[in-house]
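Hi,

Here is the structure I said I would pass on. Have a look at it first, and then read my notes underneath.

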Amino acid sequence: MGQVGSGKSTIVSLILRLYPIREGQILINDKPIEAYTLKSLRENMVLVTQEVFLFSETVTRNIGYGLEQEPEYAAVTRMTDIVNIRDEIENLPEKFNSQLGERGVNLSGGQKQRLSISRGLILTSPFLILDDSLSAVDTRTEKMIETELAKAKKSSRQTRLTIAHRLSSLKSADRIIVLKDGCIEALGSVADLMAFSPTFRTIVSVQSSQEVIHE
């Protein structure tokens with residue numbers, strides 16, 4: 001977590017080696033990320049961003065992009081159930097065989113986001129990065145996605161890095177990092193952050209106030 005410009009997305013870019021690390025190290029399994037080839041590093045990571053890219057392909061092939069074979073119908077429908085978009089897809093003329101326009105122009109922003117998340121879930125990679133990708137979903141859908149992610153973590157030892165603005169997106173996190181001006185202000189549990197992070201306390205205060213207003 002952190003304010004805009006605090007360095008959240010920069011960390012993602014460094015993990016994916018989109019540009020070199022100038023200071024310090026990033027370790028995976030106690031090895032510097034430079035020890036891994038770009039191919040092996042990125043093959044074991046899935047990135048779901050807020051900026052969604054969809055292809056001029058069917059819904060099924062968009063969800064299964066990255067798999068060696070086209071996914072089975074049962075797997076696709078299960079993923080779309082999790083992100084709460086199955087009914088909307090089945091209302092399309094050809095359902096899961098419906099052709100999407102360039103960048104998914106025939107879908108709403110929220111639909112594109114949920115479709116992108118289902119793509120990230122079906123790949124079941126060892127390392128999943130969600131870069132503010134839950135911001136466009138409602139709280140009910142967010143809970144369903146969190147439940148599925150918890151199952152994946154338990155069954156496959158998946159490591160997940162979530163960048164989020166909403167506290168609800170971080171409920172299942174083992175540790176939360178709060179960034180400020182490109183530095184780590186605090187790291188730990190919610191209790192730790194409430195004690196040591198002014199930025200985190202401000203975020204909690206603001207979001208709590210917003211919830212009261214909406215109620």
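Below is what I found, going from the whole chain to the sheet and then the core.

Before anything else, keep in mind that this is a predicted model.

Starting with the overall picture, the protein chain has nine helices and seven strands. Its C-alpha trace spans about 55 × 50 × 30 Å along the principal axes. Is that what you would expect for a chain of this length, or not, and why? A compact globule of 215 residues would have a radius of gyration near 17 Å, and the protein chain has 18 Å, so the two agree. Of the 215 residues, 40% are buried. The accessible surface is about 12,800 Å², with 52% of that belonging to carbon and sulfur atoms. If you take contacts between residues at least 6 apart in sequence, 62% of them join residues at least 24 apart.

Now the sheet. I'd look at the open one with three strands, ordered β3-β4-β5 and paired in parallel. Its edge strands are β3 (45-49) and β5 (159-163), each of which pairs on one side only. On average, neighbouring strands here are turned by 10° against each other, ignoring direction. β3 and β4 (residues 127-131) are joined in the parallel sense over five bridges. If you want a spot to zoom in on, M45 has F127 in β4 as its bridge partner.

Two helices are worth checking against that sheet. Helix α6 (residues 109-122) packs on it and touches β3 and β4, with a direction that makes about 170° with that of β3. Helix α1 (residues 8-15) lies across β3, β4 and β5, and runs at about 145° to β5.

Then there's the inside. In soluble globular proteins, nonpolar side chains tend to be buried together. Which residues have the most contacts inside the largest nonpolar core here? They are V59, I89, L115, I117, L121 and I145, in a core of 26 residues. The elements giving two or more residues to this core are β3, α3 (59-63), α4 (73-82), α6, β4 and α7 (139-156). Helix α6 supplies the largest share, four residues, and this is the helix that touches β3 and β4.

One last residue to click on is I145. Leaving out residues up to four places away in sequence, I145 touches I82, V83, I117 and L134. Of those partners, I117 is also on the list of residues with the most contacts inside the core.

Cheers

Terms used. Residues numbered from 1 in each chain as written. Predicted model: local features only at pLDDT ≥ 70, side-chain atom pairs only at ≥ 80, totals over all residues. Heavy atoms only, no water. Pairing = 2+ DSSP bridges. Axes fitted to C-alpha atoms, helices over the stretch in contact; angles between N-to-C directions. Contact = heavy atoms within 4.5 Å. Rg over C-alpha atoms; globule rule 2.2 N^0.38 Å. Buried < 20%, exposed > 50% of the residue type's maximum accessible area, 1.4 Å probe, protein only. Areas by Shrake-Rupley, 256 points an atom, 1.4 Å probe, with all protein chains shown as cover. Core = buried A, V, L, I, M, F, W, Y, C linked by side-chain atoms within 4.5 Å.
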